[in-house]
Amino acid sequence: MGDKPIWEQIGSSFVQHYYQLFDTDRTQLGAIYIDASCLTWEGQQFQGKAAIVEKLSSLPFQKIQHSITAEDHQPTPDSCILSMVVGQLKADEDPIMGFHQIFLLKNINDAWVCTNDMFRLALHNFG
């Protein structure tokens, strides 16, 4: 891992941590957001740590497992990290579904937090 740029190391570590928390205890995800954070979940907008955690905690499934297919990370001009994740998830007994998620990470007081989070299932409704 030492041969990867620092932003890839940080982004990859964040992604691993995020999905581990999401899959085991979504209520703990508040630690990665701040009050100014924004979440767009399937087109619905949520702002602030409390609103984001409430949304993620109230999703209608008991268990979930994410599998990451690909992740890309870029440094931004203002010292943030932009991360894009592509993968699959399995919730309860539902079929496996693809998903895309983008995170914007910012270092605040020596901790990386997620200021922006966008999630979409990879559903194609041509109709």
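1. Buried here means under 20% relative accessible area, exposed over 50%, and partly exposed in between (1.4 Å probe, protein chains only). By that yardstick Cys 114 is buried, at 0% relative accessibility, while Cys 38 is partly exposed at 25%.

2. A quick word on the basis: this is a predicted model, with local features needing pLDDT of at least 70 and side-chain atom pairs counting only at pLDDT 80 or more, while totals for chains, interfaces and linings use all residues. Residues are numbered from 1 along each chain as its sequence is written, and side-chain values use heavy atoms, leaving out hydrogens and water.

3. Searching the whole structure for disulfides (pairs of cysteine sulfur atoms within 2.5 Å) turns up 0. For Cys 38, the nearest cysteine sulfur belongs to Cys 114, 9.7 Å away, so that gap is too far for a bond.

4. Now strand β4, residues 81-91 (strands are DSSP runs of E, at least two residues, numbered from the N terminus). Ile 81, Ser 83, Val 85, Gly 87, Leu 89 and Ala 91 point to one face and are buried, whereas Leu 82, Met 84, Val 86, Gln 88 and Lys 90 point to the other and are not.

5. What does β4 pair with (pairing takes at least two DSSP bridges)? On one side, β3 (residues 64-75) runs antiparallel to β4 with 11 bridges, and His 73 sits opposite Ser 83. Strand β5 (residues 97-108) is also an antiparallel partner, over 9 bridges, with Met 84 facing Ile 102.

6. Check the turns too. The β3-β4 hairpin has 5 residues between its strands, and Ser 79 there has a positive phi of about 65°. In the β4-β5 hairpin, also with 5 residues between strands, Asp 92 has a positive phi of about 45°.

Definitions and conventions
Helices (H or I, at least four residues) and strands (E, at least two) are DSSP runs, numbered from the N terminus. Two strands pair if DSSP finds at least two bridges between them.
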